[in-house]
Amino acid sequence: MPPRNASTQPQDRRNPSMRWKRRFKRKLFWIIVAIPAGAALCAFLAFWFYSRDLPGFRNITDYKPPLVTTVLTRDGHVLGYFYKEKRFLVRLQDMPPYLPKAFLAAEDAGFYKHDGIDPWAIFRASLMNLKAGGIRQGGSTITQQVVKRLLLSPEKSFERKIKEAVLAYRLESYLTKDEILTIYLNQIFLGSKSYGVEAAAREFFGKHVQDLTLAEAAVLAGLPQAPSRYNPLADPVAAKTRQKYVLEQMLSQGWITQGQYTEAMNQKLVYKSMEDHSWKVGAYYLEAVRRFLIDKFGEDQVYQGGLTVQTACELPHQIAADNAMRRGLGDMAKTRGWEGPAGHINKPEDYARFLDDTRITEDLKPGSWVRAVIMETSRERAQVRFGQYTGVIPASTTMWCRNGRKDVSGAAAPVPGDITRILHKGDVVWASVREARGGGDYSLALERDPGPEGALVSIKPDTGEVVALVGGFSFDKSQFNRATQAKRQPGSSFKPIVYSAALDNGFTPASIVMDAPVVFGNAETGNVWRPENYEDTFYGPTLLATALAKSRNLVTVRVAQRIGVKKVIERARALGIDSELPENLSIALGSSAVTLMNLCQAYTAFPRGGSYVKPRLVLSVKSPWGETLYKSEPQAVEAISPQNAFVMTSMLKEVINVGTGAAAKALGRPLAGKTGTTNNEQDTWFMGFTPHLLTGVYVGYDQLQSMGRGASGARTALPIWLNYRKAVESEFPADDFQPPQNVAWAHITGPAGEGYFLPFYEGTQPAQTDMNANATANANATEPGNDADLMKQGLF
């Protein structure tokens, strides 16, 4: 037995401090185990909770970002862009290798090492933000940024941050690192309406992404953190500072050498935007293409689908057509004197905006029109700026500037030859280029806004390709496309349709018809119609060929009456005219409104030998990946016989040789055409063609009103046509129209002594070539004779 006074209790019971230590160790053990277990459990519960309603990855794995649709001319020049976000898709392998590395250095150096989230980066960002007293660094990986932009809302919340991390971790199992990086570099917003590195390269350096230097790539890589703050166009100093940071990060990562770093830092940075032709050259053509694409593919596909659209537009033709329209309408307007500038600028920021809007993207040649702002004036000249250029408007070009306004008089009235009485600082005016003076400076001539508007359509008859289209004087002023949308009375330019029908219903070029007053009455309505010739004169017995060449209204009405209006309507429909055609004689004189494009389509049957061709603006449409979505081919529709087409073309050549289109002879090659003028000189036309190119021109006010006495097709529309054709005609051989089989030629002499050598349907050529004999009796006949001999003589 132990001694009586010896303790039998354990030592820890005899020592309370030891008992407390043991208990503390046990609790500490369980605390140490419980904290990470609890954290893990909380993380698991949070992961489970926030994973329940997460979006799927379809928007990413089937990545289809909003892309720019590019519209090209026939030979591949950019005509314009359509977009909601300015983004061009580019593959990772098409970028210089240092570009992705620059972005990784700036945004996520451990991108190829982590699994979508970088805990250490988040920890570092938290410390930085804590020290700064606010959010200065995000800590998000590139994968998280892709998730945030494509799958989640932009709100800043703890819940969204957890969802972002969960999705980023999952995404790394669906896509490769290169695929995620490619999406990021195409999706990221980099300022100045630019999305993705290709758009930014164009916007800030005027080049494609594959052409960027290391120094330029580092500038772009510095933009995601604060695109506005580091915008090199707005603050090049801040952009340079940020570039230095990016290059230092690349150097520290071992991705560039010290020599590359030094070279990049020493490179002089030149900031400029790639020229954007949108809505500057061929704006009406571009608008017509836009409407076609939306009708075919829908608005979302056009503005976000990244389509590549090749058009039939040929840039030299389009520029020549734009200039010819402005010149022709401007010359018409000058006859009314000076009525003031096209606008005025007061604020300095408006000057900068104007110069940016008027940047010139094509070669400036004599005759080109520009919008310019007046910088200072003297009696002898005005100093102007437009786009990136300067110019001088001499007083000698203002001699037409008589006072054109009734509400201005005295000292405020313009004085021809005195610039200070015409122009003032800040005035916005139209001017035409006279000559280049060197160093981006030009000698200009003062022009003015027109009153009447106009349109021009130019088509290759063999293919239907529309090589040029103008819908008005200025697209900035009015977006209404008068080439495709305006329906106007064609006047005498409709007559070839009447005469084409007549040739198949007993008439020949040698037929004689009376040119004399006639009255038509409607017993039911009591209305009376008295058609008149343009000159208000009458010529008596007239050859059919002469009637068309001289545009005799009364002969045309009698021809339509004899063959019947239904025959005229049938021929118009056969030629593709789609406007309303009421069954009355006035349609023979072009009273039914048509579009210029539709009339040009009908006319193509003449140079094509009988079939008309549908106009084609868009040749092909491709997806961003090169897949052909649409391709057009020439669509020809048989309309008239080859003999009818050739005889009509030959008669229309006489319009140029001896008739109302004589001014077109200045082109110096075989040519056919027809003028058109409506009642009260409201609308005027000229349609002219060679075997290789057909061009139609329309002139008139948007709101029906007279352009003034003497404003005929020959004086208003034909000069525009001629100026355009002179600029482009050298592209084509001077070929004549080739006759088909089964036509016979004959010399004929009309009652007025006029002589022609014209083709006839074989068997209808006149036996008597002097049509003066018995002309009056023949012309007074009301119905075509059935006798073959009479038909050969053109007697009715």
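Lys-296 is partly exposed, with a relative accessible area of 45%. In this predicted model, Lys-296 lies in helix α13, which covers residues 283-297. Although Lys-296 and Tyr-630 are separated by 334 residues in sequence, their C-alpha atoms are 9.4 Å apart in space.

Helix α13 itself consists of 15 residues. From the first C-alpha of α13 to the last, the distance is 21 Å, close to the 21 Å expected at 1.5 Å a residue. The buried residues of α13 include a run at its start, made up of Ala-283, Tyr-284, Tyr-285, Leu-286, Glu-287, Ala-288, Val-289 and Arg-290. Leu-293 is also among the buried residues of this helix. After α13 comes Gly-298, and its phi is positive, near 90°.

The protein as a whole has 796 residues, of which 52% count as buried. Its secondary structure comprises 26 helices and 26 strands. Among contacts with a separation of 6 or more, 69% are between residues 24 or more positions apart. The accessible surface comes to about 36,700 Å², and carbon and sulfur atoms account for 51% of that area.

A second helix examined was α11, formed by residues 236-252. With 17 residues at 1.5 Å a residue, α11 should span 24 Å, and its end C-alpha atoms are 24 Å apart, so the expected and computed values agree. The buried residues of α11 are Ala-238, Ala-239, Arg-242, Gln-243, Val-246, Leu-247 and Met-250. These buried residues are covered by elements that include α4 (98-107), α10 (214-221) and α12 (258-266). Gly-254 follows α11 and has a positive phi, near 80°.

Helix α4, one of the elements that cover the buried residues of α11, also packs against helix α8, residues 177-187. Two packed helices are described by the angle between their axes and the distance between the axes. For α4 and α8, the angle is about 85° and the axes are 11 Å apart. Because angles of 65 to 115 degrees count as roughly perpendicular, α4 is roughly perpendicular to α8. On the α4 side, the contact is made by Pro-100, Phe-103, Leu-104 and Glu-107. On the α8 side, Leu-181, Tyr-184 and Leu-185 take part. By class, this contact of α4 with α8 has six nonpolar residues, one charged residue and no polar residues.

Positive phi values also occur in residues other than glycine. Asn-680 has a positive phi of about 60° although it is not a glycine. Asn-680 is placed in the loop between strands β22 (672-677) and β23 (683-689). In the loop between β22 and β23, Glu-681 is found as well. The phi of Glu-681 is near 55°, again a positive value in a residue other than glycine. The two residues fall into separate burial classes: Asn-680 is exposed, with a relative accessible area of 53%, whereas Glu-681 counts as buried at 8% relative accessibility. The cut-offs behind these classes are under 20% for buried and over 50% for exposed.

Notes. Residues numbered from 1 in each chain as written. Predicted model: local features only at pLDDT ≥ 70, side-chain atom pairs only at ≥ 80, totals over all residues. Heavy atoms only, no water. Helix = DSSP H or I, 4+ residues; strand = E, 2+ residues; numbered from the N terminus. Expected span 1.5 Å × (residues − 1). Buried < 20%, exposed > 50% of the residue type's maximum accessible area, 1.4 Å probe, protein only. Contact = heavy atoms within 4.5 Å. Areas by Shrake-Rupley, 256 points an atom, 1.4 Å probe, with all protein chains shown as cover. Axes fitted to C-alpha atoms, helices over the stretch in contact; angles between N-to-C directions. Parallel < 35°, antiparallel > 145°, perpendicular 65-115°, else oblique. Nonpolar A, V, L, I, M, F, W, Y, C, P; charged D, E, K, R; others polar.
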